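I opened this entry to keep track of what I looked up. The notes follow in the order in which I made them.

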Number of protein chains: 2
Amino acid sequence: MPHAPPATLESAIAHARKIALIDSTLSVLNWDERTGMPTDGIEHRAEQMQFLTGMVHQMRTQPWYGEALQEAEASDLAKDPSSEVGCNVRKLLRDYRRDVRLPQALVEALSYATTIGQQQWQQARAANDYKPFQPSLDRIWQLKREAADTIADGRSRYDALMDEYEEGATTATLAPLFQSLGDSLQQLIGELLESQSPPSGGVLERFYDVADQSSFCRAMCQTLGFDFQRGRLDVTSHPFCTSLGPNDIRILTRYDDHHFSMGFFGALHEAGHGLYEQGLPTAAFGLPAGTAVSLGVHESQSRLWENIIGRSQGFWNYAFPLAQKQFPAALSDVSQDTFYRAINRVERSLIRVEADEVTYNLHILIRFELEQALIDQQLSTSDLPGAWNDAYQRYLGVRPSNDREGVLQDIHWSAGLIGYFPTYTLGNLIAAQLWEAAQIAVDDLHEDVARGRFEGLLRWLRTHIHQYGRRYQPHELVERATGRPLDSTPLLHGLQRKYRRVYGLDPPGS
Amino acid sequence: MPHAPPATLESAIAHARKIALIDSTLSVLNWDERTGMPTDGIEHRAEQMQFLTGMVHQMRTQPWYGEALQEAEASDLAKDPSSEVGCNVRKLLRDYRRDVRLPQALVEALSYATTIGQQQWQQARAANDYKPFQPSLDRIWQLKREAADTIADGRSRYDALMDEYEEGATTATLAPLFQSLGDSLQQLIGELLESQSPPSGGVLERFYDVADQSSFCRAMCQTLGFDFQRGRLDVTSHPFCTSLGPNDIRILTRYDDHHFSMGFFGALHEAGHGLYEQGLPTAAFGLPAGTAVSLGVHESQSRLWENIIGRSQGFWNYAFPLAQKQFPAALSDVSQDTFYRAINRVERSLIRVEADEVTYNLHILIRFELEQALIDQQLSTSDLPGAWNDAYQRYLGVRPSNDREGVLQDIHWSAGLIGYFPTYTLGNLIAAQLWEAAQIAVDDLHEDVARGRFEGLLRWLRTHIHQYGRRYQPHELVERATGRPLDSTPLLHGLQRKYRRVYGLDPPGS
């Protein structure tokens, strides 16, 4: 932008709001690309996104803007980093300092490469063939290495990238936490899979009409509290949630008429993200005080609604009769208990997004390990499919027989999202700890869930998480909400308790 | 944009291409708004569009850009206005000279007012109540008056606005042409409505499943030549066609399960626009050589496919068996002749977009007259509904009983499209004249249409209209394609011949 207004905080904030207008326009372009843009439209779309991304970068790195923020930081205004203005000033300045290091050409090249990359990933996945996609993926990793080196500032490349998604997270703290969680989970999985009465998932593979699934998902998302005047639910090939504006939050899932869980838990998961976005202060949209604090905390919201609520006995006390009504052919001869056990079946499986709660974190461990090897070029993108398959063999005891079941299953790398996967496990850890706290703080929580009333829980989350935006560091926010630092006990104990019961490994009544 | 590159033609063209990237991004935002954006998203959307519109205006009015174009115009490069470069230079300069007159604040205010206006129009229409919409509409007319005064340059306000859509069109030439056409049509309508054997439209009001309508429309659009790898067909409340990129042309219609014509002819109409957009030179996307020449010529394409092809006996020789197959319950007991006569029923009706070919132009005459009165404040927006109803009484002999049937039926004014309606009648005139020429030039044209083969006609349109972009003035282009200046004989004679036959007013075999 050509104008350089007087370097006041007010003008800097106005500038940041303009940046948010373009950023949210980019979200519209991306949403549209992923909901049925004509195939041949991709090149022009990539040019649009590259151009706007370049423009945003230029706006983000205006010297007058940095000066205004710096001045404001030194003033009394920003003394309290957890005040609205303090949060805005400090985080905008933090973002500015990172942005000025990234050359515009690199930012634009990344935008173009990842827009094309996502399209090529989709084609490669449809064709079940990694090879033609590999050069495009390789280019993306190379650009991300450059970006990481530019902002690393003494940190490892991987830590520098991860910090973009989860401020303060480092490999040094996550690796041992994840490793010990992984060990305990592998032990639990071993126990469960030796059970004499494992649940069967068969009822979930009956015929569920897609239009009925869509109605049911919509109704359930609404019941949880998702506001359809301020959002919508659509279909895509890789579920996600995106904010096109403070009052335009979009969630997307995918359906298969013989796979109930995929559509339903996909929708619930994204609704969890959507509830967080709808709970942020709208007046601060696009400013740090109105932005989600981290991907880990974001994922805690989706996991809480998807798993802790959505896969609970209590929730289905309420929802199962409704499901039977919506899908009489599939469910009228099924008991709630059979259904409940079916949606909680643990399996050594190949696809992350369809994995159960227990094995899920092993899928993340695999990606966490591969990403560290790839970013430092200990592993090449050519050798990636083999390394992927070996890691599945090692961690999960199963081996993909083709690329679609293996390395092509996730969109992330094609979109340049590297260092992003660990936030999924962080989300699981945070969700379990938040749930522990909510059970103490919210009156009648279990009774309410069983009656399909979620206002109490949502209000607690709004009060303790959503309303703060980026005012606290992710780990501080969790500590304030739960009264203690994050650890893996709530998740691990929760899973052990629940799944030993589902698998009949506990004495009855325990 | 801050950078002022050396004022060469190359940099000016590169700049114009960047402008096209933002313009087409605005088209994405508009398409999205009109295909199901959450209601509460409107305010942020209006801010996004206002901001990008302002930015485009700023880019369009850079002095260096104007200088570069001016220099190029004076050079040998642009000597031939019908060459690609000559066309680009002259038309970009023409646009530049207009744009520099418009204050940025006015452009932004218009963008905001019309984004909000369209949303309010939708709400008013749903509520069937003009009053709450009137202040918003009034503001839009006021802003358009200001815009017209700024660019008028000695012309009347109305002519200045009309020239944006149809270069060279003036009230002085259109008014008598339209008036005499209107007189002849009223005479023809009188004749037809006295016929003893008028067609009945009843079969079109049977049940046509919306999903089946959508499949049928899609198949027919594809058969005409619309490329779905480079486009899509969607649903909206007011049909339109929009270009999101050179290979991303979107057409939209609406369906009613008891109203076959609305969905089907809506789709065919928009496909006609879409075929023009898909036929423009893609490499020049967003530049004058790659842009449609005028709205009148654009409308001639939609009318040709919708009416001249889509409502012809020949087309239904091919399409009727397919329609019977798609809608067996509605059409198996219907003869092709009954169906053909039903889709060509002439009626004094209230809704423009549902009007038949014969009365259609009277709907336009009404708007042409009202717009001239409104722009010069001889008529106020408060008195508009009454004036509208009176005009319908006078021209068509029917009177709307409410606002939805009356003044609220069209989106145009709420979108700031004033001086746009006359191009619809121009389109009808041009379509008839093009068709006359195509019948002589294209071998086996009638036989091909009756066999569902449209390549020959499409190729002729691509060669004589589409490929030229804005290289010729609209009237020149028509004259080059048809060998003579535009006049109303082909349309009028075509309608007289066809409809006297449909209404049994000619001796058999004539």
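At what angle do the axes of helix 15 and helix 17 of chain B cross? I noted beforehand that this is a predicted model. I looked up residues 357–375 for helix 15 of chain B and residues 422–441 for helix 17 of chain B, and found that their axes cross at roughly 145 degrees and come within 8 Å. I recorded the crossing of these two helices as left-handed.

Next I listed the contact residues. From helix 15 of chain B I have Tyr360(B), Asn361(B), Ile364(B), Phe368(B) and Glu371(B), which meet Pro422(B), Tyr424(B), Thr425(B) and Asn428(B) of helix 17 of chain B. I sorted the residues of this contact into 5 nonpolar, 3 polar and 1 charged.

I then turned to helix 8 of chain B, residues 171–193. Its 23 residues should span 33 Å at 1.5 Å a residue, and I found the end C-alpha atoms 31 Å apart, which agrees. Among its buried residues I noted Thr171(B), Leu174(B), Phe178(B), Gly182(B) and Leu192(B). What do the buried residues of helix 8 of chain B pack against? I found helix 7 (157–165), helix 15, helix 17 and helix 21 (489–502) of chain B. Helix 15 and helix 17 of chain B thus came up again in my notes.

Last, I compared the chains. I can lay chain B on chain A with a turn of 180 degrees and a shift of 0.0 Å along the axis, at an RMSD of 0.0 Å. The two copies are therefore related as by a two-fold rotation axis. I also noted that 100% of the contact residues of chain B recur in chain A, so the same surface serves both copies.

How values were computed. Residues numbered from 1 in each chain as written. Chains lettered and ligands numbered in written order. Predicted model: local features only at pLDDT ≥ 70, side-chain atom pairs only at ≥ 80, totals over all residues. Heavy atoms only, no water. Axes fitted to C-alpha atoms, helices over the stretch in contact; angles between N-to-C directions. Helix = DSSP H or I, 4+ residues; strand = E, 2+ residues; numbered from the N terminus. Left-handed = near helix turned anticlockwise from the far one by under 90°. Contact = heavy atoms within 4.5 Å. Nonpolar A, V, L, I, M, F, W, Y, C, P; charged D, E, K, R; others polar. Expected span 1.5 Å × (residues − 1). Buried < 20%, exposed > 50% of the residue type's maximum accessible area, 1.4 Å probe, protein only. Least-squares fit on C-alpha atoms with pLDDT ≥ 70 in both.
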